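Subject: Structure handover

Hello,

Here is the structure I said I would pass on. My notes on it follow below.

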Amino acid sequence: MALLFWLGTSKRGKSLFFTGRIVKTFDGAHMRHRMITNDIKVHVLDAGPVRFVGLEIVAKSFASYQMTPLTLPAAEARQLAQMLLEAVDYQE
């Protein structure tokens, strides 16, 4: 149980879920809906010559913790950022 806690909360433990070492972390979005809290953090990953971005999506409630790691190459991360901006600015 302690190993799972270390993997989910430490920078070095989280690096095992991504393609590379976490270089920098940006706190992203935070949302609370009733008893569930969702957090998204953005990580810069060092994976050698190719730059990757990691998204850490966390859902927490009273007795539950779920972390979903997502690793994207830099080009796909830019495309995702562009789609998010388009969705924010969308008007019917």
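Contacts, meaning heavy atoms within 4.5 Å, give a starting point: of those in the chain with a separation of 6 or more, 24% are between residues 24 or more positions apart. Please note that this is a predicted model, in which local features need pLDDT of at least 70 and side-chain atom pairs count only at pLDDT 80 or more, while totals for chains, interfaces and linings use all residues. Residues are numbered from 1 along each chain as its sequence is written, and side-chain values use heavy atoms, with hydrogens and water left out.

The chain has three helices and four strands. Both kinds of element are DSSP runs numbered from the N terminus (helices are H or I, at least four residues; strands are E, at least two). Read from the N terminus, their order is α-α-β-β-β-β-α.

The four strands make an open sheet in the order β1-β2-β3-β4, with antiparallel pairing; two strands pair if DSSP finds at least two bridges between them. β1 (21–33) and β4 (64–73) each have a single partner strand and stand at the edges, so one side of each has no neighbour in the sheet. On average, neighbouring strands of this sheet are turned by 15° against each other, direction ignored. Helix α3 (residues 74–89) packs on the sheet and touches β3 (50–61) and β4. The direction of α3 makes about 110° with that of β4; axes here are lines fitted to C-alpha atoms, for helices over the stretch in contact, and angles run from 0 to 180 degrees between N-to-C directions.

As for the pairs, β1 is joined to β2 (residues 36–47) by 10 bridges, and arginine 32 stands opposite threonine 37 in β2. β3 and β4 are also antiparallel and joined by 10 bridges. They form a hairpin with two residues between them. Phenylalanine 52 has proline 73, in β4, as its bridge partner.

One residue to look up is glutamate 56, in strand β3. Glutamate 56 is buried, with a relative accessible area of 2% (buried means under 20%, exposed over 50%, partly exposed in between; 1.4 Å probe, protein chains only). What does the side chain of glutamate 56 make a polar contact with? Its partner is the side chain of histidine 43, at 2.7 Å. A polar contact is a pair of N or O atoms within 3.5 Å; within protein, one must be able to donate a hydrogen and the other to accept it, and residues adjacent in sequence count only if both atoms are side-chain atoms.

Over the whole chain of 92 residues, 23% are buried.

Regards
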